[in-house]
Structure formats: structure tokens, C-alpha cells
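Visitor: I would like a close look at one part of this model, with the reasoning spelled out as you go. Which residues make up the largest nonpolar core?

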Amino acid sequence: MHLLPSLTVLATAFTALTSAVALPQSGSEVESRTYDDKSKCLCEDDANTLRDAYVRMISAWNIADAKYLTDDFKDTSGSINILIGKPLDGSVPTFATKQEFVDHMTVM
């Protein structure tokens, strides 16, 4: 049955990326701006860049978009864990590292 792998990919990408898409380190194409109140915000173009990367990650994985995941990326998703037989209590991450997630998405 091909539905389960498709659901797994979708749920994995959605869960992981909603909590793990982050600004790349300095020197990247996305930059923050500081405004009068000293808070940091993304300009509209940079926010659109991140939004577009997120959409690509959940709809059509491209290894080039891995740069938008933090180096300390880790994901725990009960909905994914139940499908792959891992504990649901959060004691075992779905993907323990960024590389594990990237490898999984690249194979799918």
C-alpha cells in the first residue's frame, strides 16, 4: 500500500518543519532587521524566502533547502512515531539529527 509512506512523508515534513525552519547562520541570503524598539524582524522578501522554502520542503523535497534547518535540528512527532513504531511519549525523537531527517527525506 502506497498511502502509508505518503502520509509518513507529509506528516514528517509538516511536523518537523513547522517547528524547525530557522534563519540560517550569518552570511546567508536571509537577514534580520533591527527596528526602533530593538526587536529583530524579517523583511517581507526574507519572510517570503522562508515561506517558499517551507512549502518546497513539505511538497517537493529539495536537498538545497536543508540549509534552512538549524544544525541542532531534532524532531519528535507522535503522529509519525505511531506510524513507524517508536514510543509516543516523546522519549525517542522521530529524527534525532538534521542529517537523519535529510537522509530520510532524500530517500523518500
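Guide: Accessible areas here come from the Shrake-Rupley method with a 1.4 Å probe. On that basis, the accessible surface of the protein, which is a predicted model, comes to about 6,800 Å², with 56% of it belonging to carbon and sulfur atoms. Of the 108 residues, 28% count as buried, and your question concerns some of these. The setting is a protein with four helices and two strands, whose elements run α-β-β-α-α-α from the N terminus on. Among its contacts with a separation of 6 or more, 54% are accounted for by residues 24 or more positions apart.

The largest nonpolar core has twelve residues: Leu50, Ala53, Met57, Trp61, Ala66, Tyr68, Leu69, Phe73, Phe95, Phe101, Val102 and Met105. Two helices, α2 (44-59) and α4 (98-107), each supply at least two residues of this core. In soluble globular proteins, nonpolar side chains tend to be buried together.

Let us begin with α2, which has 16 residues and spans 22 Å from its first C-alpha to its last, close to the 22 Å expected at 1.5 Å a residue. Its buried residues are Asp46, Leu50, Ala53, Tyr54 and Met57. Seen down the axis of α2, these buried residues fall within an arc of 100°, so they line one face of the helix. On the other side of α2, by contrast, Glu44, Asp45 and Ser59 are exposed.

Two residues of that buried face deserve a separate look, both being members of the core. Ala53, in helix α2, has a relative accessible area of 0% and therefore falls under the 20% cut-off for a buried residue. Apart from its neighbours within four places in sequence, Ala53 is in contact with Asp65 and Tyr68, and Tyr68 is itself listed in the core. The C-alpha atoms of Ala53 and Ala64 lie 9.3 Å apart in space, although the two residues are eleven apart in sequence. Met57 also has its place in helix α2, and its relative accessibility of 1% counts as buried. Between the C-alpha atoms of Met57 and Met105 there is a separation of 9.0 Å, while 48 residues separate the pair along the chain.

Met105 brings us to the other helix. In α4, the buried residues are Lys98, Phe101, Val102 and Met105. They cover an arc of only 95° around the axis, which puts them on the same side of α4. Of these, Phe101, Val102 and Met105 appear in the core.

A charged side chain can be followed alongside this part of α2. Asp65 sits in the loop between α2 and α3 (78-84), and with a relative accessible area of 4% it is buried. Not counting residues up to four places away in sequence, Asp65 touches Ala53, Arg56 and Met57, and Ala53 and Met57 are both residues of the core. With Arg56, the side chain of Asp65 makes a polar contact, side chain to side chain, at 2.8 Å.

For comparison, consider a buried residue that is not listed in the core. Thr94 is placed in the loop between α3 and α4, and at 1% relative accessibility it counts as buried. Its side chain reaches the backbone nitrogen of Ser77 at 2.8 Å. Ser77 is also one of the residues in contact with Thr94 once neighbours within four places in sequence are left aside, and the others are Asp75, Thr76, Ile80, Asn81, Ile84, Lys86 and Glu100. Thr94 and Ile82, twelve residues apart in sequence, have their C-alpha atoms 9.9 Å apart in space.

To return to the core itself, then, α2 and α4 each contribute at least two of its residues, the buried residues of α2 line one face of that helix, and Asp65 touches Ala53 and Met57 from its place in the loop between α2 and α3.

Terms used:
Residues numbered from 1 in each chain as written. Predicted model: local features only at pLDDT ≥ 70, side-chain atom pairs only at ≥ 80, totals over all residues. Heavy atoms only, no water. Core = buried A, V, L, I, M, F, W, Y, C linked by side-chain atoms within 4.5 Å. Buried < 20%, exposed > 50% of the residue type's maximum accessible area, 1.4 Å probe, protein only. Expected span 1.5 Å × (residues − 1). Arc of directions from axis to C-beta. Polar contact = N/O pair within 3.5 Å; in protein donor to acceptor, adjacent residues only side chain to side chain. Contact = heavy atoms within 4.5 Å.
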